[in-house]
Amino acid sequence: MLDVPRMAKDLADQQNQYQNALDQLEKQKQDLGASVEQAQIDVEKAEKELSKFLAAQELDLKQKRAEKEYNEQDLLINKTRFERKRRLAGEKLVAQHEVEMGEANIKRREFDLERQRKDLELDEAKKASEKIDKHSAVDNAKASLERAKADQRRSKCNVRWARKCQHAKVQQNAGIAI
């Protein structure tokens, strides 16, 4: 004999469970939608930071290279002047202390130029490292976006599956009740 009130109660309980599950899946869907939006914002932010960094980096390195080239040319001019003073000192037309000061000046400029070259090499290496870090940040943000989109797709599949299962249970229960 069929216990119709118990079956009706079980059916109502299943429908409540189903509705609760749908509500949870809907909330999860909304959360995942927000996660996708945030991940997209993070990707755009990382790409903008990379673009800004690359522009600033190029400008900074270009300026430092120009300064180095200027100082190299200035050193060559000073060496030429120094050689003239040395010849004039050899002919006793310029005091020896002026030649010594000129030689010290050349050595100082050579040292400064070498330090500038090393600093430029170091800056280029640092910028290359920072560039890799910025590219990694963009790649990580894109990976997070893809994970969020995949989670969102899985959630949509779960909702469809839950609806199919509930529909099958309702049909099964309807068949038993008949």
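This tour proceeds from the whole chain to its loop and then to a charged patch on its surface. The model is a predicted one.

**The whole protein**

Begin with the entire protein in a ribbon view, where two helices and zero strands are present. The radius of gyration is 38 Å, well over the 16 Å that the globule rule gives for 178 residues, so the protein is more spread out than a compact globule. Turn the model to view its principal axes: along them, the C-alpha atoms fill a box of roughly 135 × 15 × 15 Å. If the residues are then coloured by burial, buried residues make up 20% of the 178 in the protein.

**The loop**

Next, select Lys92, which lies in the loop between helix H1 (4–90) and H2. Is Lys92 buried or exposed? Lys92 has a relative accessible area of 73% and is exposed, because the cut-off for that class is over 50%. The backbone of Lys92 also merits inspection: its phi is near 65°, a positive value in a residue other than glycine.

**The positive patch**

Now select Lys29, Lys149, Arg153, Lys156, Arg160, Arg163 and Lys164, and display their side chains; together they form a positive surface patch. Which helix supplies the largest share of this patch? Helix H2 (residues 96–177) does, with six residues.

Finally, centre the view on Arg153, a patch member that lies in helix H2. Arg153 counts as partly exposed because its relative accessibility is 48%, which falls between the limits of 20% for buried and 50% for exposed.

Key. Residues are numbered from 1 along each chain as its sequence is written. This is a predicted model: local features need pLDDT of at least 70, side-chain atom pairs count only at pLDDT 80 or more; totals for chains, interfaces and linings use all residues. Side-chain values use heavy atoms; hydrogens and water are left out. Patches are made of residues with over 30% relative accessible area and no salt bridge: like charges are joined within 9 Å, nonpolar side chains (Val, Leu, Ile, Met, Phe, Trp, Tyr) within 5 Å. Accessible areas come from the Shrake-Rupley method with a 1.4 Å probe; for residues, only the protein chains shown count as cover. A salt bridge is a side-chain nitrogen of Lys or Arg within 4 Å of a carboxyl oxygen of Asp or Glu. Lys and Arg count as positive and Asp and Glu as negative; His and the chain ends are not counted. The place of a charge is taken as NZ of Lys, CZ of Arg, CG of Asp or CD of Glu. Helices (H or I, at least four residues) and strands (E, at least two) are DSSP runs, numbered from the N terminus. Buried means under 20% relative accessible area, exposed over 50%, partly exposed in between (1.4 Å probe, protein chains only). The radius of gyration is taken over C-alpha atoms; the globule rule is 2.2 Å times the number of residues to the power 0.38.
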